[in-house]
Amino acid sequence: MLVKDVYKLGRAGDIKKVADGYGRNFLIPQGLAVLATEGALKQVQKIKAQAEVRRSSQNNELKGLADQIKDVVLTFAAKAGDTGKLYGSITTQDVASALTEKVRFEVKRQQVDIQPIRNLGEFVAHIRLTMDLVPEIKIIVHREGESIESATEHAEPEAAEKPKKSKAKKKLLQKNQPPQPNKQYTNITGASR
């Protein structure tokens with residue numbers, strides 16, 4: 001039974017079945033959960049009420065910060081090849097450090113929900129302040145020595161590549177072409193099949 005809210009698992013008071021090692025080695029020692037015994041099950045309503053009070057107070061405290069974070073645009077200058085692929089990547093730690101500098105509030109890398117960025121362009125990251133407050137930030141990655149506008153222009157052609165032909169068009173094109181002659185294959189001895 002969860003005592004506190006756990007990201008991607010559940011809220012306080014929920015009864016969840018987890019792997020033995022996850023419960024024994026992480027949840028219980030961290031004080032996030034207790035074994036669901038009869039005594040613990042009697043306290044479910046009390047735990048849920050306490051968690052709701054704690055959750056609402058945290059949301060009220062961090063509401064202003066969430067409003068401040070959602071307007072943030074982070075820019076990173078990075079070395080990249082001709083195709084726009086970065087030499088290295090922009091990780092959650094890089095995003096968390098830059099965001100901490102910008103808003104003057106410590107954001108941990110575990111709170112940043114994004115895959116490592118390996119290309120030039122614009123990206124969106126989610127910052128998980130609480131389970132209910134998850135503002136989005138915009139990340140722009142541009143080549144070192146170039147302007148930020150060139151990174152956004154570089155990202156657009158990738159998205160607007162050649163449109164794929166539909167199956168109906170492919171069939172129509174195949175019907176209009178003359179039949180291909182059968183190819184003969186020669187085996188090693190030189191005799192044709």
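A residue counts as buried when its relative accessible area is under 20%, as exposed when the value is over 50%, and as partly exposed in between. The exercises below use this cut-off on a predicted model.

**Exercise 1. Classify R55 as buried or exposed, and list its contacts.**

Solution.
1. Locate the residue: R55 sits in helix 3, which spans residues 44–69.
2. Compare its accessibility with the cut-off. R55 has 11% relative accessibility, so it counts as buried.
3. List the contacts, leaving out residues up to four places away in sequence: R55 touches D5, R11, A12 and D132.
4. Set the result against the chain: buried residues make up 29% of the 193 residues.

**Exercise 2. Find which residue forms a salt bridge with R55 inside helix 3, and state how far apart the closest N and O atoms are.**

Solution.
1. The partner is E52, with the closest N and O atoms 2.7 Å apart.
2. The criterion is a side-chain nitrogen of Lys or Arg within 4 Å of a carboxyl oxygen of Asp or Glu. The R55 and E52 pair, at 2.7 Å, is counted as a salt bridge.
3. Both residues belong to helix 3 and are three residues apart, about one turn of the helix.
4. E52 has 44% relative accessibility and therefore counts as partly exposed, while R55 is buried at 11%.
5. Extend the pair: a network of salt bridges links D5, E52 and R55.

**Exercise 3. Determine which parts of the chain are linked by the salt bridge between R11 and D132.**

Solution.
1. In this pair the closest N and O atoms are 2.7 Å apart.
2. R11 is in the segment before helix 1 (20–27), and D132 is in the loop between strand 5 and strand 6. The two residues are 121 apart in sequence, so the pair links distant parts of the chain.
3. Check exposure: R11 is partly exposed at 28% relative accessibility, and D132 is partly exposed at 40%.
4. Relate this to Exercise 1: R11 and D132 are among the residues that R55 touches.

**Exercise 4. Describe the open sheet: its strand order, its edges and the helix lying across it.**

Solution.
1. Start from the whole chain, which has six helices and six strands. Along the sequence the pattern is α-α-α-β-β-α-β-β-β-β-α-α.
2. Four strands form the open sheet, in the order 1-6-5-3, with mixed pairing.
3. Strand 1 (73–78) and strand 3 (112–113) are the edge strands, each pairing on one side only.
4. Take the pairing of strand 1 with strand 6 (residues 136–143): the two run parallel and are joined by six bridges. Within strand 6, H142 is the bridge partner of A77.
5. Add the helix. Helix 4 (residues 92–103) lies across strands 1, 3, 5 and 6, and runs at about 125° to strand 1.

**Exercise 5. Identify the salt bridge that links strand 5 and strand 6, and classify the exposure of its residues.**

Solution.
1. E122 forms a salt bridge with K138, the closest N and O atoms being 3.5 Å apart.
2. E122 lies in strand 5 and K138 in strand 6, 16 residues apart.
3. E122 is partly exposed, with a relative accessible area of 38%; K138 is partly exposed at 33% relative accessibility.
4. A search of the whole structure finds five salt bridges, including the one between E122 and K138.

Note on methods:
Residues numbered from 1 in each chain as written. Predicted model: local features only at pLDDT ≥ 70, side-chain atom pairs only at ≥ 80, totals over all residues. Heavy atoms only, no water. Pairing = 2+ DSSP bridges. Contact = heavy atoms within 4.5 Å. Axes fitted to C-alpha atoms, helices over the stretch in contact; angles between N-to-C directions. Buried < 20%, exposed > 50% of the residue type's maximum accessible area, 1.4 Å probe, protein only.
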